[in-house]
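User: I'd like to learn how to read a structure like this one. Could you walk me through it, feature by feature?

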Amino acid sequence: MSVPAPIVTENDKKLLQSFLNNPEKASEVRHTMESFSKLMAYYKCAMMEIETKFNVLNEEFSLRYDRTPISGIKTRLKRLDSIIQKLQRDNTPLSLKAVETTLNDVAGVRIICSFVDDVYMLAEALLSQDDITLIKTKDYIKNPKPNGYRSLHLIISVPIFLLHEKKQMKVEIQFRTIAMDSWAALEHQLKYKKDTEFTDEMAKDLYLCSQLSAELDTRMNNLRKKVNI
Ligand code: 0O2
């Protein structure tokens with residue numbers, strides 16, 4: 001039976017000891033950690049604002065048309081290691097300012113829609129709200145990625161109202177149909193399996209699956225129009 005890796009490694013202990021021996025450094029690290037946690041809390045608030053806006057839109061649509069265009073909402077905050085990786089990838093020096101100015105996807109909201117038309121209807125409804133500012137659009141539905149990935153991405157800015165100030169926070173919103181979401185989730189699982197090579201043949205097959213999923217979306221959307229819902 002293998003011995004589980006210790007939660008606190010010898011290296012961690014050495015690092016902690018070096019901080020204890022250097023109170024100035026310890027206080028600097030504590031201050032940075034506190035500022036980081038505060039920034040993450042602001043991003044979380046922005047995600048909550050966006051999630052609420054979509055719940056309201058879903059509710060109103062359901063009252064008017066007796067169906068819900070949103071089948072699910074997922075939110076996620078980017079993890080510290082992903083934040084660091086992305087900044088390093090772009091050769092951006094690590095700082096909290098860089099996180100706020102350079103990264104667009106620290107706060108992520110994914111809206112899973114019933115039909116393709118719902119994606120655009122919901123995006124338009126959100127963008128028509130006067131506290132939402134559009135920063136960037138990437139339409140991977142009209143222009144899918146070469147691997148077949150489809151989704152509509154909006155980077156927006158939304159205000160959060162704190163005790164004594166109003167702060168504009170960026171949120172990445174990904175709109176997908178159920179079919180687009182299931183393709184992306186399975187592609188992620190298949191591609192990130194570390195011990196097997198992902199061959200060109202497999203990539204072709206995956207691309208074919210994305211085309212089938214696009215065909216499914218088109219047919220479902222046409223049926224929706226015929227049924228008139
Ligand atoms: P996670 O775990 O979802 O956070 P940017 O610098 O933001 O303009 P970036 O980051 O390349 O450029 O943005 P892009 O192309 O809009 O894609 C960002 C996110 O879209 C990814 O986040 C994924 O969630 C999703 N995505 C993009 N391409 C693919 C793909 O080919 N397959 C799947 N399954 N998802 C994709 P992260 O940070 O990679 O991951």
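User: Let's begin with the overall build. How many helices and strands does the chain have?

Analyst: Happy to help! Keep in mind that this is a predicted model. The chain has 7 helices and 5 strands. Going along the sequence, these elements come in the order α-α-β-α-α-β-α-β-β-β-α-α.

User: What box do the C-alpha atoms fill, and how much of the chain is buried?

Analyst: Along the principal axes, the C-alpha atoms take up a box of roughly 75 × 50 × 35 Å. There are 229 residues in the chain, and 35% of them count as buried. The exposed surface of the chain comes to about 15,100 Å², with carbon and sulfur atoms supplying 56% of that area.

User: What share of the contacts comes from residues 24 or more positions apart?

Analyst: Take the contacts in the chain with a separation of 6 or more: residues 24 or more positions apart account for 66% of them.

User: Now for helix packing. What describes two packed helices?

Analyst: Two numbers do it: the angle between the axes of the helices and the distance between those axes. Here, take helix H6 (residues 178-191) and helix H7 (residues 200-227), whose axes come within 9 Å and cross at roughly 165°. Angles over 145 degrees count as roughly antiparallel, so H6 is roughly antiparallel to H7. Their crossing is right-handed.

User: Which residues of H6 and H7 meet?

Analyst: From H6 come Ala 179, Met 180, Trp 183, Glu 187 and Leu 190, and they meet Leu 206, Cys 209, Ser 210, Ser 213, Leu 216 and Asp 217 of H7. By type, the residues of this contact divide into 7 nonpolar, 2 polar and 2 charged.

User: Let me pick Ser 213 from that list. Is Ser 213 buried or exposed?

Analyst: Relative accessibility is the value to look at, and under 20% means buried. Ser 213 is at 10%, so this residue of H7 counts as buried. Leaving out residues up to four places away in sequence, Ser 213 touches Arg 150, Ala 179, Met 180 and Trp 183. For a distance across the model, try Thr 102: Ser 213 lies 111 residues from Thr 102 in sequence and 33 Å from it in space, C-alpha to C-alpha.

User: And a strand residue? Where is Ile 111 found, and what does Ile 111 touch?

Analyst: Ile 111 is found in strand E2, which covers residues 107-113. Its relative accessibility is 0%, so Ile 111 counts as buried. Setting aside residues up to four places away in sequence, the residues that Ile 111 touches are Phe 54, Ile 70, Gly 72, Ile 73, Leu 122, Ile 173, Gln 174, Phe 175 and Arg 176. You can also check Leu 152, which is 41 residues from Ile 111 along the chain, with 9.8 Å between the two C-alpha atoms.

User: One last topic, backbone angles. Which phi does Asp 66 have, and which does Asn 228 have?

Analyst: Asp 66 is not a glycine, yet its phi is positive, about 65°. Asp 66 is found in the loop between helix H2 (23-65) and strand E1 (70-77). Asn 228, also not a glycine, has a positive phi of about 65° and is found in the segment after H7.

User: Are Asp 66 and Asn 228 buried or exposed?

Analyst: The mark for exposed is a relative accessible area over 50%. Asp 66 is at 72%, so Asp 66 is exposed. Asn 228 is at 66%, so Asn 228 counts as exposed too.

Conventions:
Residues numbered from 1 in each chain as written. Predicted model: local features only at pLDDT ≥ 70, side-chain atom pairs only at ≥ 80, totals over all residues. Heavy atoms only, no water. Axes fitted to C-alpha atoms, helices over the stretch in contact; angles between N-to-C directions. Helix = DSSP H or I, 4+ residues; strand = E, 2+ residues; numbered from the N terminus. Parallel < 35°, antiparallel > 145°, perpendicular 65-115°, else oblique. Left-handed = near helix turned anticlockwise from the far one by under 90°. Contact = heavy atoms within 4.5 Å. Nonpolar A, V, L, I, M, F, W, Y, C, P; charged D, E, K, R; others polar. Buried < 20%, exposed > 50% of the residue type's maximum accessible area, 1.4 Å probe, protein only. Areas by Shrake-Rupley, 256 points an atom, 1.4 Å probe, with all protein chains shown as cover.
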